Amino acid sequence: MKIRKIAILLLALCVGLLSGCGSRRGAAVIVAGSTSVQPYAEVLAEEYALLHPESVVDVQGGGSSAGISAAVSGTADIGMSSRALHDSELELWNVVIAKDGLAVIIHPDNPLQNLTLEQVRCIYAATISNWGELGGQEAEIHVIAREEGSGTRNAFEDLAMAKVEITPRAIVQDSNGAVRQLVSNDRNAIGFISLGLVDHTVKALELDGVAPTWDNVMGGNYTLYRPFIFVVAGEPTGLAKQFIDYTLSTEGQQLLMHEGLIPTMMLATEGAEQ
């Protein structure tokens, strides 16, 4: 009899644990993809967790193309992309959560302040390979780029390279943070990263005399910018929809703006009111 009671208690405990795990799975959402969008999605997830402690938002990297594929296959509830969707991907449910400028960065000790977009293109095509050709010090330019499949690289290629290929001699990194770190440690380096990630360790160049600022991107004067997109295989439901709704809410958009992005939903609202 005593053994039977113990067995019943163990069974009840197992059922309780399974129920708890099941409810946790039901209140969890996986967001995966662009490493450019990732840090901003993590900030959103942290704030969302404070409002909804019963929910779990798991944010992972992997790259824009990988994130879109994960959303299609169902291994992620929401894919993150920092490039425009390809024609074959437009049938997926998607929303632009913000816009982000691309900054061309150099070491703070580099005396240059401005380059033309054509000069940047020539640097990345390796037809200009010495800073002295641009009015700087005589030194070989160390070209830093993102990896193939990166949304940041795709956006840079589309916006800056005009179908000219990036030199295969470029030093390839797998995140904006890694690019920034390399440039901050090498006075002869050049790279491109998300405008929102520019800090005091690097210098963001003016392009054709236009500074890479929030206002210049919003006004259309600075042309290197790309969309940050959430992608879902079908119409969002459940926690995925709730997290997307939070991202597009006034609170979520203000949070993205505070982090250095251009909140497209708020801009659309302001434009409608004017």
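This report describes one strand with its pairing partners, one helix, and two loop residues with positive phi.

The structure is a predicted model, in which local features need pLDDT of at least 70 and side-chain atom pairs count only at pLDDT 80 or more, while totals for chains, interfaces and linings use all residues. Residues are numbered from 1 along each chain as its sequence is written, and side-chain values use heavy atoms, with hydrogens and water left out.

**Strand 4 and its partners**

Helices (H or I, at least four residues) and strands (E, at least two residues) are DSSP runs, numbered from the N terminus. Strand 4 spans residues 93-106, and 10 of its 14 residues are buried, where buried means under 20% relative accessible area, exposed means over 50%, and partly exposed lies in between, using a 1.4 Å probe and protein chains only. Two strands are said to pair if DSSP finds at least two bridges between them, and the table lists three such pairings of strand 4.

| Partner of strand 4 | Sense | Bridges | A residue pair |
|---|---|---|---|
| Strand 11 (residues 225-232) | antiparallel | eight | G101 and Y225 |
| Strand 8 (residues 189-194) | antiparallel | five | I106 and I190 |
| Strand 9 (residues 203-204) | antiparallel | two | I106 and K203 |

I106 therefore appears in two rows, since it stands opposite I190 in strand 8 and has K203 as its bridge partner in strand 9, by the rule that DSSP bridges define a pairing.

**Helix 9**

In helix 9, which covers residues 250-258, the residues G252, Q253, L255 and L256 are buried. These residues lie on the same side of helix 9, because they cover an arc of only 155° around the axis, the arc being that of the directions from the helix axis to the C-beta atoms. As background, an α-helix has 3.6 residues a turn, so residues three or four places apart point the same way. The face of helix 9 turned away from the buried side carries T250 and H258, which are exposed. Just after helix 9, G260 takes a positive phi of about 105°.

**Two loop residues with positive phi**

Positive phi also appears in the loop between helix 5 (151-161) and strand 7 (171-173), where A162 lies; the phi of A162 is near 50°, although A162 is a residue other than glycine. K163 lies in the loop between helix 5 and strand 7, and K163 has a positive phi of about 70° although it is not a glycine. As for accessibility, A162 counts as partly exposed because its relative accessibility is 48%, whereas K163, at 86%, counts as exposed.
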